[in-house]
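The following report describes a protein model from its overall architecture down to individual side-chain pairs. Please read it alongside the sequence and the coordinates.

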Amino acid sequence: MCMDYYGASDEFTFILETSNLIFVFIFTLEAVLKLLGLGVTYYFYIDWNKFDFAVVIMSLLSLGDTSSFNLTALRIIRVARLLRMIKSSKELQALLKTLYLAMNNILIVATLFMLIIFTYAVAGMTLFGEIDRGEMINIENLNFKSFYLSINVLIRSATGESWN
């Protein structure tokens, strides 16, 4: 359900597990009723039904024994059922079409951004790579000692993350 977190109370965890079981039951019941009503061949002829069936199978797998492999990540796939709203909303279709047409320009801007970050990372390594930890630089991962750390510092500063 994408709502669990570390340190959650037992009551909250119980509510999440119970609602997970209820939703898995509803999705499974929907798939079974559609299979019985439409028949197997026509049910699997429709692409959305194939998608729903795959979501139901993944949901049932996520209920299984999680000692060998953590299958709770498969619950995220159920959120993809919201994609069904696309076919019923013309405005959402127009929005996604606009986003699709803008992807080329977004890719160009992202490439330019990464080129700038790369250039400044190399310049930062050259200019500030030899500065030792001290009074001004007291965080181990906040320096220009390596290319990875340089990229990390520049992206953190560009996005404003962890600079409070």
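Helices are taken here as DSSP runs of H or I with at least four residues, numbered from the N terminus. F23, for example, is found in helix α1, which covers residues 10-38. The model is a predicted one, and the values below are computed from it.

**Overall architecture**

The protein contains five helices and zero strands, so that, read from the N terminus, its elements follow the order α-α-α-α-α. Of its 164 residues, 20% count as buried, and about 12500 Å² is exposed, with carbon and sulfur atoms supplying 69% of that area. Among contacts with a separation of 6 or more, 39% are accounted for by residues 24 or more positions apart.

**The nonpolar core and F144**

Which residues make up the largest nonpolar core? This core has seven residues, namely I117, A121, L142, F144, I151, V153 and L154. Helices α4 and α5 each supply at least two residues of the core, and α5 gives the most to it, with three residues. One member of the core, F144, is in contact with G124, M125, F128, G129, S150, V153 and L154, when its neighbours within four places in sequence are left aside.

**Aromatic pairs**

The structure holds eight aromatic pairs. One of them joins F118 and F147, whose ring centres are 5.5 Å apart and whose planes stand at 65°; because an angle over 60 degrees is the criterion for edge-to-face, the pair is assigned to that class. This pair links distant parts of the chain, with F118 in helix α4 (residues 90-128) and F147 in helix α5 (residues 147-159), 29 residues apart. Both rings belong to partly exposed residues, since the relative accessibility is 44% for F118 and 35% for F147. Elsewhere, ring pairs link Y43, F44 and F53 into a cluster.

**A nonpolar surface patch**

A nonpolar patch on the surface is formed by I22, F23, F25, I26, L29, V32, L33 and L36, which together have about 790 Å² of accessible area. Within this patch, F23 has a relative accessibility of 38% and therefore counts as partly exposed.

**Salt bridges**

How many salt bridges does the structure hold? There are two salt bridges, and their N to O distances are set out below.

| Salt bridge | N to O distance | Relative accessible area |
|---|---|---|
| K34 and E30 | 3.8 Å | K34 23%; E30 26% |
| D47 and K50 | 3.5 Å | D47 54%; K50 39% |

In the bridge between K34 and E30, the closest N and O atoms are 3.8 Å apart, and the two residues are separated by about one helical turn because they lie four residues apart in helix α1. K34 is partly exposed at 23% relative accessible area, as is E30 at 26%.

The side chains of D47 and K50 meet at 3.5 Å, N to O, and both residues lie in helix α3 (residues 47-62), three residues apart, which is about one turn of the helix. Is D47 buried or exposed? With a relative accessible area of 54%, D47 is exposed, because the limit for that class is over 50%, whereas K50, at 39%, is partly exposed.

How values were computed
Residues numbered from 1 in each chain as written. Predicted model: local features only at pLDDT ≥ 70, side-chain atom pairs only at ≥ 80, totals over all residues. Heavy atoms only, no water. Phe/Tyr/Trp six-rings, centres within 6.5 Å; stacked < 30°, edge-to-face > 60°. Buried < 20%, exposed > 50% of the residue type's maximum accessible area, 1.4 Å probe, protein only. Core = buried A, V, L, I, M, F, W, Y, C linked by side-chain atoms within 4.5 Å. Contact = heavy atoms within 4.5 Å. Patch = residues over 30% accessible without salt bridge, like charges linked within 9 Å, V, L, I, M, F, W, Y side chains within 5 Å. Areas by Shrake-Rupley, 256 points an atom, 1.4 Å probe, with all protein chains shown as cover. Salt bridge = Lys/Arg side-chain N within 4 Å of Asp/Glu carboxyl O.
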